[in-house]
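Hi everyone, thanks for making the time. I'd like to walk you through a model on the screen, starting with a sheet and working outwards. Here it comes.

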Amino acid sequence: MKKLFLCLFIVLLFFIIPALAAADVVGRYVGGRGNNVQVRLTVSKPPPAAFIVLQHLPAGVRIEAADPKPSGFDPASSTVKWLFKHPRPGSVAITMRLSRPVSGNMLTGEIRFRHPGSGKMVSRTIR
Amino acid sequence: MSSVRIDGRKIRSLRERQELTQLYLATVVEVTTDTISRWENRRYPAIKLENARKLAEALDVTVDELLEERNREPAQLSGQEIGADDQPVASSVARPGPLSRFFQQNKKMAAAVFAVALMALFVFWAGSGGNSTLIARRVLPEHAAPNMPFPVAIHIEGKRDFGSPLLIREELIGDSEATGQGEDGKRKKFGRHPRWIGKMEDGHAVFAYTVIPDKGLAEGDEIVLSGDIVTQQGRKEGKKIIGPDRIRIAPYHWADVNGDYVISDNEILMAYETYSTPEESGMDFTFLEELWLAGGYSWNKKIFFFEKTAASTGKE
């Protein structure tokens, strides 16, 4: 009986838990110059059905252009929003041109998605 | 290869009695809908015996029941008499071949071969999966507002190698109208009887359609949904679609799960997760995205429409 439980535990440890943990979307700021900012997003397998990227802008900074085009802008919180639908595993980049140069430590961003395994809401800080 | 003359009128009658489309038969027999139409419109068309068998299976009758009354024996026909989709064939079954003669002389051997063939057929049937291996689960929101469309998704799960065509038959009870993607890829009105014919890929398929509740429905009314999934194997009975079977009329957007007049990040992500498909064959989410970005919405009961608001103001 003990052996059976041990086997089950090993199965959980090596197969199920890593499979659930694998699904992820992470983002980081990569080299930008002056007013230009780039966020590199990496989508793990299995991908979520959709995810949201929130980019908070420092006071007095506007976004002049972005690729892909943002889904919307919330002036109250000065936040730009992107909604990515049916993403494929791999990398995707968001490039932004801001109204004035901003140092890396002034930028804060967030990724939100529902974990495809557990259905729980996950929030990741863009670093 | 043999060919037989079938009774076109009987084919049409059997098909209509069972509320099957020509597309369904065409998918099962693996011919075009034009061919099915031609078979039905000719009095006694000649078709391949193999196709007659598939047709009989799809209509849940024996091949014999499909044949022309006067000709219940496989016919000997010239190529010109056979439908355009069938290859010209010449056949002769009048004289038993050497194999038949052998079995006639060795009846015990024939019985054993028959038993083995029957067993093989059973094993094949069990392996390929009858209706029992299929599960069709309906997913729909808890509430929807009058005149505002809401999505319904039927998720079909089965064995990965299940290659037979599937037919989904849904019925809506309550003043409403369903629309979805037709066989030609264009938007199609289903009325209160959404239908879908297709095959699973890797053991999975989704049939998504949209329902618009009538303006006359009042808060608290319900729309009831029922349906079944039909396969070649389980032609007669169908298998009930499981999952929620009713939706309540309420002045909230269907994606606003907690009814707070705000489409939150979690709610829009959940909507995509549950009802959208990469092929965008189901619901149009443009308006939902607008409500999410607006931050709030209200229900205008005079025009039966949701209006965007900066903050949630609720019911008018």
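**A sheet and its neighbours**

Let's begin with an open sheet of 5 strands in chain A, in the order 5-6-3-8-9 and with antiparallel pairing. Strands here are DSSP runs of E of at least two residues, helices are runs of H or I of at least four residues, and both are numbered from the N terminus. Two strands pair if DSSP finds at least two bridges between them. At the edges stand strand 5 (72–74) and strand 9 (121–126) of chain A, each with a single partner strand, so one side of each has no neighbour in the sheet. On average, neighbouring strands of this sheet are turned by 25° against each other, direction ignored. For angles, axes are lines fitted to C-alpha atoms, for helices over the stretch in contact, and angles run from 0 to 180 degrees between N-to-C directions.

A word on ground rules. This is a predicted model, where local features need pLDDT of at least 70 and side-chain atom pairs count only at pLDDT 80 or more, while totals for chains, interfaces and linings use all residues; side-chain values use heavy atoms, with hydrogens and water left out. Residues are numbered from 1 along each chain as its sequence is written, with chains lettered from A and ligands numbered from 1 in the order in which they are written.

Now, strand 6 of chain A. How many bridges join strand 5 and strand 6 of chain A? The antiparallel pairing of strand 5 with strand 6 (residues 79–85) runs over 3 bridges, and there G72(A) stands opposite K81(A). The hairpin of these two strands has 4 residues between them, and S78(A) takes a positive phi near 50° in it. With strand 3 of chain A, strand 6 of chain A pairs in the antiparallel sense over 7 bridges; W82(A) is the bridge partner of V53(A). Strand 6 of chain A is also mostly covered, with 6 of its 7 residues buried. Buried means under 20% relative accessible area, exposed means over 50%, and partly exposed is in between, using a 1.4 Å probe and protein chains only.

W82(A) comes up again with P68(A), which is in the loop between strand 4 (63–67) and strand 5 of chain A. P68(A) and W82(A) are 14 residues apart in sequence and 8.3 Å apart in space, C-alpha to C-alpha. Not counting residues up to four places away in sequence, P68(A) touches W82(A), F84(A), A93(A) and I94(A), where contact means heavy atoms within 4.5 Å. P68(A) is partly exposed, at 28% relative accessible area.

Let's cross over to chain B. Which strands of chain A does helix 9 of chain B touch? Helix 9 (residues 286–294) packs on the sheet against strand 3 (50–56), strand 5 and strand 6 of chain A, and its direction makes about 155° with that of strand 6.

Just before that helix, S276(B) is in the loop between helix 8 (265–275) and helix 9 of chain B. S276(B) counts as buried, at 15% relative accessibility. Its side chain makes a polar contact with the side chain of H86(A) at 2.8 Å, and also reaches the backbone oxygen of Y272(B) at 2.7 Å. A polar contact is a pair of N or O atoms within 3.5 Å; within protein, one must be able to donate a hydrogen and the other to accept it, and residues adjacent in sequence count only if both atoms are side-chain atoms.

What about the inside? The largest nonpolar core has 52 residues, and F150(B), Y209(B) and W254(B) are among those with the most contacts inside it. Such a core is a set of buried Ala, Val, Leu, Ile, Met, Phe, Trp, Tyr and Cys residues joined through side-chain atoms within 4.5 Å. Apart from it lies another core of 26 residues, among them V4(B), A26(B), I47(B) and L67(B).

To finish, the two chains overall. Chain A has 1 helix and 9 strands, and 32% of its 127 residues count as buried. Chain B has 9 helices and 16 strands, with 46% of its 316 residues buried. Thanks, and I'm happy to rotate the view for anyone.
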